[in-house]
Amino acid sequence: WLKSLRKVDVGGMDLVESTIPEQRPLADGSGAFPLVLTPGQAHVPGASVKTWCQDNSCRLRGLMLRHGAVLLRGTGVKGAQDFAEVSAALDCEGYDYVGGAAPRTELVPGIVFTSNESPPDQPIPFHH
């Protein structure tokens, strides 16, 4: 999967596997959680990422199922609206934030919310 994914070039974006300190090996030793992918070039416009994600959504979903998560870093996605467009390109479903314990602000309806906006001295209860 990854070899074919690395060679994809849509809008000038070739992805390479990267690492982050928080990564952990998969139980079978065949990869890492999350799989981290970064562009092989310095700057990628957000529109290219959206198109690339749309064209490669099946491959990305397969990698997500295999690794548990795929983290795209350094892709030129800036802000809530860009993130919402990439989510739509991947056919991610929106949802309503109902009944949660943490105060949040909805930035893009049904798709992008802020993280916990409670004061730092307030505990965050375990969930999911």
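Here is a short walk through this structure, one selection at a time.

**The whole chain.** Start with everything shown as a cartoon, and keep in mind that this is a predicted model. You should find four helices and seven strands. Going from the N terminus, the order of elements is α-β-β-β-β-α-α-β-α-β-β. The chain has 128 residues, and 31% of them are buried. Take the contacts with a separation of 6 or more: 57% of them link residues 24 or more positions apart.

**The sheet.** Next, select β1 (15–18), β4 (35–39) and β5 (70–72). These three strands make an open sheet in the order β1-β4-β5, with mixed pairing. β1 and β5 are at the edges with a single partner strand each, so each has one side without a neighbour in the sheet. Turn the view a little and look at the twist: on average, neighbouring strands here are turned by 35 degrees against each other, ignoring direction.

Now zoom in on β1 and β4, which run antiparallel and are joined by four bridges. Pick Glu17 and look across to β4, where Leu37 is its bridge partner.

**Helix α3.** Select residues 57–67, which form α3. Which residues of this helix are buried? Colour Ser57, Leu60, Gly62, Leu63 and His67, as these are buried. As you look along it, remember that residues three or four places apart in an α-helix point the same way, because there are 3.6 residues a turn. Just after α3 comes Gly68, with a positive phi near 90 degrees.

**A loop residue, Leu26.** Move to the loop between β2 (24–25) and β3 (32–33) and select Leu26. Is Leu26 buried or exposed? Its relative accessible area is 17%, under the 20% cut-off, so Leu26 counts as buried. Show what surrounds Leu26: leaving out residues up to four places away in sequence, it touches Gly31, Ala32, Phe33, Arg66 and His67. Arg66 sits 40 residues from Leu26 along the chain, yet their C-alpha atoms are 9.3 Å apart.

**The largest pocket.** For the last stop, switch on a surface and select Val70, Phe83, Ser87, Leu90 and Cys92, the lining residues nearest the centre of the largest pocket. How much space lies in this pocket? About 710 Å³. The full lining has 21 residues, and by class these are 14 nonpolar, four polar and three charged. Colour α3, β5 and α4 (79–89) to see elements that each give the lining at least two residues.

Conventions. Residues numbered from 1 in each chain as written. Predicted model: local features only at pLDDT ≥ 70, side-chain atom pairs only at ≥ 80, totals over all residues. Heavy atoms only, no water. 1 Å grid on protein atoms, 1.4 Å probe; cavity = no way out; pocket = protein on both sides within 12 Å on 5 of 7 lines; lining within 4 Å. Points joined across faces, edges and corners; volume = space filled by probe spheres on them. Nonpolar A, V, L, I, M, F, W, Y, C, P; charged D, E, K, R; others polar. Pairing = 2+ DSSP bridges. Axes fitted to C-alpha atoms, helices over the stretch in contact; angles between N-to-C directions. Buried < 20%, exposed > 50% of the residue type's maximum accessible area, 1.4 Å probe, protein only. Contact = heavy atoms within 4.5 Å.
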